[in-house]
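Could you walk me through this structure stop by stop? I have it open in a viewer and would like to know what to select next and what is there.

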Amino acid sequence: MKDTNPLFTTAEAATYLGVSKSYLYKLMMWRKIPFFKPRGKVCFFDKEDLDNYNRKNRVLSEDELEQKAETYLMNKRVSDRGKTSEG
C-alpha cells in the first residue's frame, strides 16, 4: 500500500520548500512550521503541513484587491449611515 501523505526529513522538507536547512531550523525554532519529533532528536514534516505553510501570505491579485476595497467601502458607508441616523 502506497503512503499518500509521507513524512519528510529536514533535508527533504527544506528542498521541498525551496529554503536552506538553516532557515528551516529557524522556522522550527520560531514555531512557524509544525513538525514531529517522535524520538526526541530527528524531526519529520508532514507534506500537508509544508503545503499549508507555502500557501500562507498569499498575495492578492489586482481584481481581488479591488473587490475587497469595494466591499470595505460599502460596509463603511452602511456603518456610517447608521451612526448619523442615531445621533
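Start by selecting Leu-17. Setting aside neighbours within four places in sequence, Leu-17 is in contact with Leu-24, Ile-33, Leu-50, Tyr-53 and Asn-54. Keep in mind throughout the tour that this is a predicted model.

**The nonpolar core**

Keep Leu-17 selected and add its companions. Leu-17 belongs to the largest nonpolar core, which has eleven residues. To display the whole set, select Phe-8, Ala-13, Ala-14, Leu-17, Leu-24, Leu-27, Met-28, Ile-33, Cys-43, Phe-45 and Leu-50. Which elements give two or more residues to this core? They are helix 1, residues 10-17, and helix 2, residues 21-29.

**Two aromatic pairs**

Now show the rings. The structure holds two aromatic pairs. For one of them, select Phe-8 and Tyr-16: this pair is edge-to-face, with 5.2 Å from centre to centre and 75 degrees between the planes. Phe-8 counts as buried because its relative accessibility is 13%, while Tyr-16, at 32%, counts as partly exposed.

Next, select Phe-35 and Phe-45. Their ring centres are 6.1 Å apart and their planes lie at 45 degrees, so this pair is tilted. The pair links distant parts of the chain, ten residues apart: Phe-35 sits in the loop between helix 2 and strand 2, and Phe-45 sits in strand 2 itself. Is Phe-45 buried or exposed? Its relative accessibility is 0%, so Phe-45 counts as buried. Phe-35 is partly exposed, with a relative accessible area of 23%.

**A stop in the loop after helix 2**

Stay in the loop between helix 2 and strand 2 and pick Arg-31. Its phi is near 60 degrees, a positive value in a residue other than glycine. Arg-31 counts as exposed, at 65% relative accessibility.

**Asp-46 and its surroundings**

Move on to Asp-46, in strand 2, which covers residues 45-46. What is the nearest side chain of opposite charge to this buried residue? It is Lys-47, 8.4 Å away, and Asp-46 has no salt bridge. Look instead towards Glu-48: the side chain of Asp-46 reaches the backbone nitrogen of Glu-48 at 2.9 Å.

Glu-48 itself lies in helix 3. At 47% relative accessibility, Glu-48 counts as partly exposed. Add Pro-6 to the selection and compare positions along the chain and in space: Glu-48 and Pro-6 are 42 residues apart along the chain, and their C-alpha atoms are separated by 9.0 Å.

**Two salt bridges**

Side chains of opposite charge can pair when their charged atoms come close. How many salt bridges does a search of the whole structure find? It finds two.

Select Lys-47 and Asp-51 for one of these bridges, where the side chains meet at 3.0 Å, N to O. These residues are four apart in helix 3, so about one helical turn separates Lys-47 from Asp-51. Lys-47 is partly exposed, with a relative accessible area of 26%. Asp-51, at 16% relative accessibility, counts as buried because that value is under the 20% cut-off.

Then select Arg-58 and Glu-64. Their side chains also meet in a salt bridge, at 2.9 Å, N to O. Arg-58 counts as exposed, at 56% relative accessibility, whereas Glu-64 is partly exposed, with a relative accessible area of 30%.

**The loop between helix 3 and helix 4**

For the closing stops, go to the loop between helix 3 and helix 4 and select Asn-57. Phi of Asn-57 is near 60 degrees, a positive value in a residue other than glycine. Is Asn-57 buried or exposed? At 76% relative accessibility, Asn-57 counts as exposed.

Finish with Leu-60, which lies in the loop between helix 3, residues 47-54, and helix 4, residues 62-86. Leu-60 counts as partly exposed, with a relative accessibility of 29%. Which residues should you add to see its contacts, leaving aside neighbours within four places in sequence? Add Leu-65 and Lys-68, as Leu-60 is in contact with both of these residues.

Terms used. Residues numbered from 1 in each chain as written. Predicted model: local features only at pLDDT ≥ 70, side-chain atom pairs only at ≥ 80, totals over all residues. Heavy atoms only, no water. Buried < 20%, exposed > 50% of the residue type's maximum accessible area, 1.4 Å probe, protein only. Lys, Arg positive; Asp, Glu negative; His and termini not counted. Salt bridge = Lys/Arg side-chain N within 4 Å of Asp/Glu carboxyl O. Polar contact = N/O pair within 3.5 Å; in protein donor to acceptor, adjacent residues only side chain to side chain. Core = buried A, V, L, I, M, F, W, Y, C linked by side-chain atoms within 4.5 Å. Contact = heavy atoms within 4.5 Å. Phe/Tyr/Trp six-rings, centres within 6.5 Å; stacked < 30°, edge-to-face > 60°.
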